[in-house]
Protein chains: 2
Amino acid sequence: MIVGVKILPREEVLDSQGRAVENTLQQHNYTINGCRVGKYIQLNVEASTEDEALKKAKEITEFVLINPLVETFQLEIV
Amino acid sequence: MIVGVKILPREEVLDSQGRAVENTLQQHNYTINGCRVGKYIQLNVEASTEDEALKKAKEITEFVLINPLVETFQLEIV
């Protein structure tokens with residue numbers, strides 16, 4: 001089962017990539033109200049139910065994929 | 001309106017970050033069938049309908065966020 005992990009920098013953390021995208025867009029006359037840049041990871045885990053897949057993915061994400069001090073994440077079944 | 005952009009490397013492209021995650025997990029006795037690492041971006045665009053928001057986000061994504069030779073993307077309303 002494939003689980004998508006959406007990782008974003010926390011609100012209070014300086015998101016330099018997001019600022020860079022905002023500046024680039026502004027220079028090309030696109031107007032956006034904000035932009036945050038994070039990571040997207042798809043994990044293909046062995047599981048018979050969605051709950052089991054999400055549980056495994058959460059464990060892996062917290063173990064190796066994110067830094068909880070500066071990042072938050074959301075899981076989704078793909 | 002906030003639009004999420006999920007970007008992944010194309011299947012045929014070597015995903016070195018994905019391989020690194022797989023190897024790390026294997027060394028710690030987690031078994032996964034695969035892992036792909038990409039980017040997740042949230043764009044806060046000015047729009048009155050979801051269709052308009054998705055249209056603007058698609059334009060911005062193709063203009064500045066992805067390299068279509070090696071990456072694919074999916075949009076979602078957050």
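**Exercise 1.** Which residue in strand 2 of chain B is the bridge partner of Cys35(A)?

*Solution.* This is a predicted model, in which local features need pLDDT of at least 70 and side-chain atom pairs count only at pLDDT 80 or more, while totals for chains, interfaces and linings use all residues. Residues are numbered from 1 along each chain as its sequence is written, chains are lettered from A and ligands numbered from 1 in the order in which they are written, and side-chain values use heavy atoms, with hydrogens and water left out. Begin with the strands, which are DSSP runs of E of at least two residues, just as helices are runs of H or I of at least four, numbered from the N terminus. Strand 2 of chain A (residues 32-45) runs antiparallel to strand 2 of chain B, and 13 bridges join them, where pairing requires at least two DSSP bridges. Within this pairing, Cys35(A) is matched with Leu43(B).

**Exercise 2.** Describe the contact between the two chains and find a salt bridge across it.

*Solution.* Taking contact as heavy atoms within 4.5 Å, chain B and chain A contribute 29 residues each. The two chains bury about 2700 Å², 62% of it on carbon and sulfur atoms, buried area being the accessible area (1.4 Å probe) lost by both parts on being put together, summed over both. Two salt bridges cross the interface, the criterion being a side-chain nitrogen of Lys or Arg within 4 Å of a carboxyl oxygen of Asp or Glu. One of them joins Lys6(A) to Glu76(B), whose closest N and O atoms are 2.8 Å apart.
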